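Biologist: I am new to this structure. Could you show me how to read a strand and a ligand site?

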Amino acid sequence: MISEPFIDYQKLFLEMAEELREMDDIGTIASYIPELRNVDPNKFGIHLTTIDNQNYCLGDSNDKFSIQSISKVLSLALAFELEADKLWDRVGVEPSGTPFNSLVQLEYEKGIPRNPLINAGALVICDVLVSRLKNTKQAFIEFARRVSGNKNIDYCPRVAESEKKTGFKNAALINLMKSFGNIKNDIEVVLDFYFNLCSIEMTCKELAQEFLFLASNGVNPLTNVRVVDASKSKRINAIMQLCGFYDEAGEFSFKVGLPGKSGVGGGILAIHPGKFSIAVWGPKLNSKGNSYKGMRILEFLTTRTQSSIF
Ligand code: DON
């Protein structure tokens, strides 16, 4: 058996700070959701939480930001817990290889999205939750708060409204799926929940702590809340590994080697099962819509510590 290398996180974070000082500063902030244009593009934060609750941070790790698509992992966890394997009748587990909001596969695959992390799949998950939870928005945010024991987690109505005004592609996706019978509820209700879900704000610290359950077999070790069983936790990590970065999922696996999920707000969550969760945030995105510096610093971390899962 190969012994695990000891990771001196303190030293690692000092090295990461140095690496960041030298890193090129490229990329553009997401502007298709008008409210996201107001974010300071020069922000950058990191927070790592180990499963035994050691915490390490850097930069703007206590600033709230729009977690956007990262919240799709949480809605997936709840829907999977409620529906178990029935969920896979309505959404697949295959990588799409297409951008997050693409319509192309959906028509010839008869309204069944490739996976729950592309927009189409996340909309189906929202439909499941609207069917399952009375007062869906309230019930969902209470679930999010319970997972990490953090009452400060909330939606941002400004961002949700802003996306509602420009979310034409999401409207197209949900209408197409409705025509195939894969959306059961009123389109407006499901879209409203979806835009709110994407508008959730967290700091890097809150994000790392919220998703620590995926590093710990489905139980958040900070609160002892069981979010999903161990098998589901493993499967959610597998879906993140293959689908968390859309048409850049291969690149993230290749360079970083951890299950992860990005959001157009510039956040990235990554999980090392059995070890830690880490959240990074840098609003400038690369051409695939993922945080440029976020990807680079995670690549540095797993390379430097030899802690890719592969
Ligand atoms: O639906 C959208 O377009 C956004 N609310 C979320 C997109 C997103 O974060 C894609 N991820 N990288």
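Modeller: One strand first, and who pairs with it. This is a predicted model. In S9, Trp281 is the bridge partner of Gly267.

Biologist: Which strand does Gly267 belong to, and how does that strand run against S9?

Modeller: Gly267 falls in S8, residues 267–272. Six bridges join S8 to S9, and the two run antiparallel. They form a hairpin, with three residues between them. Gly274 sits in that turn and has a positive phi of about 85°.

Biologist: Which other strand is joined to S9 by six bridges?

Modeller: S1, residues 45–50, also antiparallel to S9. Here His47 has Ala279 of S9 as its bridge partner.

Biologist: Is S9 mostly covered or mostly open?

Modeller: Buried means under 20% relative accessible area. S9 covers residues 276–281, and six of its six residues are buried. Now look at the directions. Phe276, Ile278 and Val280 point one way, while Ser277, Ala279 and Trp281 point the other way. Residues on both sides are buried.

Biologist: Now the ligand. How many residues surround it?

Modeller: There are 14, and the closest are Tyr32, Gln68, Ser69, Glu163 and Tyr194.

Biologist: Which ligand atoms lie close to N or O atoms of the protein?

Modeller: Take the distances one by one. A ligand oxygen is 2.6 Å from a side-chain N or O atom of Ser69. Another entry is Val264, with a backbone N or O atom 2.9 Å from a ligand oxygen. Ser262 has a polar side-chain atom 3.4 Å from a ligand nitrogen.

Biologist: How much of the ligand's accessible area does the protein cover?

Modeller: 100% of the 340 Å² that the ligand has on its own. The ligand sits in the second largest cavity.

Note on methods: Residues numbered from 1 in each chain as written. Predicted model: local features only at pLDDT ≥ 70, side-chain atom pairs only at ≥ 80, totals over all residues. Heavy atoms only, no water. Buried < 20%, exposed > 50% of the residue type's maximum accessible area, 1.4 Å probe, protein only. Helix = DSSP H or I, 4+ residues; strand = E, 2+ residues; numbered from the N terminus. Pairing = 2+ DSSP bridges. Near = heavy atom within 4 Å. Polar contact = N/O pair within 3.5 Å; in protein donor to acceptor, adjacent residues only side chain to side chain. Areas by Shrake-Rupley, 256 points an atom, 1.4 Å probe, with all protein chains shown as cover. 1 Å grid on protein atoms, 1.4 Å probe; cavity = no way out; pocket = protein on both sides within 12 Å on 5 of 7 lines; lining within 4 Å. Sits in = over half its atoms within 2 Å of the grid points.
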